[in-house]
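Trainee: Please take a close look at the aromatic pairs in this structure and at the elements that carry them. I would like one connected account.

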Amino acid sequence: MSLNKIQTRNKERIESLIINILNNVVKYKAYDTDIKKCSFTYVELSSDKSYCKIYVDTFNRSEIDKLVKKLNNSKPVFKKYLAAELNMWKIPQINFEKDKTIDKVAKIDELFKKIHEEQKKN
C-alpha cells in the first residue's frame, strides 16, 4: 500500500474518531439544552492534522447560528475531551461551522418542483 493511501486512511480514521467523540460528549456530558440538541454531521481534518472543521446541524434550523456561536465559545471544553480520547501528539485546532447540506438539498428540491410545474404547463 502506498504512503499516500495510508495517510488518507489514517486521516479518515481520525475524522471518524473525532465525530464519534464529540457526539458522545454532547449526548452524555453536555448540560446546555441547546448543545444537547445538536449533532455533528462530518469533520474535515487538514492534511497536516492541525486544523479541524466540524460541521453542525440541529432540528431547529432557525437557531443554528446561535448554536454554532455557543459551540465555538466552548472550544476548550471540546478540545479537552478530544485530548483525553485521541492518541495524538497534538490535538487539532477546532472550528464549528453550520452544515449547509440541508439548505442545498432544499434549494435543489425547489428547482425540481419548478421544472416539474413548467412541464405540466406545457
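**Aromatic pairs and their surroundings**

Mentor: The structure holds four aromatic pairs. The model is a predicted one, and what follows should be read as a description of that model.

Take F40 and F78 to begin with. Their ring centres are 6.1 Å apart and the planes meet at 80 degrees; over 60 degrees counts as edge-to-face, so this pair is edge-to-face. F40 belongs to strand β1 (residues 38-45) and F78 to helix α4 (residues 75-85), so the pair ties together parts that are 38 residues apart in sequence. Both F40 and F78 are buried.

F40 also pairs with F96, and here the geometry is tilted, with 5.6 Å from centre to centre and 35 degrees between the planes. This pair, too, links distant parts of the chain: F40 is in strand β1, F96 is in strand β3 (residues 93-98), and 56 residues separate them. The relative accessibility of F40 is 4%; the cut-off for buried is under 20%, so F40 counts as buried. F96 has a relative accessible area of 2% and is likewise buried. Taken together, ring pairs join F40, F78 and F96 into a cluster.

The elements that carry these rings can be placed as follows. The sheet is open and has three strands, in the order β1-β2-β3, with mixed pairing. Strands β1 and β3 are at the edges and have a single partner strand each, so each has one side without a neighbour in the sheet. From one strand to the next, the twist averages 30 degrees. Strands of a sheet pair through backbone hydrogen bonds, in either a parallel or an antiparallel sense. Here β1 pairs with strand β2 (residues 51-58) in the antiparallel sense, over seven bridges. One of the residues involved is C38, whose bridge partner in β2 is T58.

Helix α4 lies across β1 and β3, and runs at about 120 degrees to β3. The ring cluster can be read against this arrangement: F78 is in α4 and F40 in β1, while F96 is in β3.

One further ring contact concerns a charge. The charged end of K80 sits over the ring of Y81, at 5.1 Å from the ring centre.

In short, F40 in β1 is paired edge-to-face with F78 and in a tilted manner with F96, and the three rings form a cluster.

Methods: Residues numbered from 1 in each chain as written. Predicted model: local features only at pLDDT ≥ 70, side-chain atom pairs only at ≥ 80, totals over all residues. Heavy atoms only, no water. Phe/Tyr/Trp six-rings, centres within 6.5 Å; stacked < 30°, edge-to-face > 60°. Helix = DSSP H or I, 4+ residues; strand = E, 2+ residues; numbered from the N terminus. Buried < 20%, exposed > 50% of the residue type's maximum accessible area, 1.4 Å probe, protein only. Lys NZ or Arg CZ within 6 Å of the ring centre and 35° of its normal. Pairing = 2+ DSSP bridges. Axes fitted to C-alpha atoms, helices over the stretch in contact; angles between N-to-C directions. Contact = heavy atoms within 4.5 Å.
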